[in-house]
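Here is a short note for a colleague who is new to this structure. Please read the numbered points with the model open.

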Amino acid sequence: VLAHYNLGVLAADARQVPRAAAMFEKTLALDPGYRSAKFHLGRVRTAQKRFDDAIQLLMGAAEPLDNLT
């Protein structure tokens, strides 16, 4: 999971948007609760002008954690 996430970050930094999207999608397929991957994929979706998807991903990344007190 971490390897796919890190490859996504590197691809995003290099402005390789399709590759970044694929790596973050793979990360989320393996770990659907990976908040950082949701955040970064949301940013990628914004770059792709897929704003509805971006909003959902960014909202998912910002959801409160249930077990923090």
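1. Start with Pro32. Pro32 counts as exposed, because its relative accessibility is 55% and the cut-off for exposed is over 50%. Pro32 is found in the loop between H2 and H3. Compare its place with that of Leu7: the two are 25 residues apart in sequence. In space, Pro32 and Leu7 are 17 Å apart, C-alpha to C-alpha. Keep in mind throughout that this is a predicted model.

2. Next, the loop between H1 and H2. Arg15 lies there. The phi of Arg15 is near 60 degrees, a positive value, and Arg15 is not a glycine. Most residues other than glycine have a negative phi. Arg15 is exposed, with a relative accessible area of 74%.

3. Which residue in the loop between H3 and H4 should be checked in a similar way? Lys49 lies in that loop. Lys49 has a positive phi of about 60 degrees although it is not a glycine. Is Lys49 buried or exposed? Lys49 is exposed, because its relative accessible area is 63%, and over 50% counts as exposed.

4. Now the interior. The largest nonpolar core has eleven residues. Among them are Tyr5, Ala11, Phe24, Leu28, Tyr34, Val44 and Leu57. Three elements give two or more residues to this core: helix H1 (2-13), helix H2 (17-30) and helix H3 (35-47). Which element gives the largest share of this core? H2 does, with four residues.

5. Leu28 is a good residue to click on. Leu28 belongs to the largest nonpolar core. Residues up to four places away in sequence are not counted here. With those set aside, Leu28 touches Tyr34, Ala37, Lys38, Leu41 and Leu57. Of these partners, Tyr34, Ala37, Leu41 and Leu57 are also listed in the core.

6. His40 deserves a look too. The place of His40 is in helix H3. Is His40 buried or exposed? His40 is buried, because its relative accessible area is 17% and buried means under 20%. Leaving aside neighbours within four places in sequence, His40 is in contact with Tyr5, Val9 and Phe24. Tyr5 and Phe24 are members of the largest nonpolar core.

7. Helix H4 spans residues 51-61. Its buried residues are Ala54, Leu57, Gly60 and Ala61. Why are they on the same side of H4? They cover an arc of only 130 degrees around the axis, which puts them on the same side of H4. These buried residues pack against H2 and H3. On the other side of H4, Asp52, Gln56 and Met59 are exposed. Leu57 of H4 also belongs to the largest nonpolar core.

8. Last, the largest pocket. Its volume is about 220 Å³. Val9, Ala12, Asp13, Arg15, Val17, Ala20, His40, Arg43, Val44 and Ala47 form its lining. H1, H2 and H3 are the elements that give two or more residues to this lining. The largest share, four residues, comes from H3. By type, the lining divides into six nonpolar, one polar and three charged residues. Two residues from earlier points return here: Arg15 and His40 are both in the lining. Ala20 and Val44 line the pocket and are also listed in the largest nonpolar core.

Conventions
Residues numbered from 1 in each chain as written. Predicted model: local features only at pLDDT ≥ 70, side-chain atom pairs only at ≥ 80, totals over all residues. Heavy atoms only, no water. Core = buried A, V, L, I, M, F, W, Y, C linked by side-chain atoms within 4.5 Å. Buried < 20%, exposed > 50% of the residue type's maximum accessible area, 1.4 Å probe, protein only. Contact = heavy atoms within 4.5 Å. 1 Å grid on protein atoms, 1.4 Å probe; cavity = no way out; pocket = protein on both sides within 12 Å on 5 of 7 lines; lining within 4 Å. Points joined across faces, edges and corners; volume = space filled by probe spheres on them. Nonpolar A, V, L, I, M, F, W, Y, C, P; charged D, E, K, R; others polar. Arc of directions from axis to C-beta.
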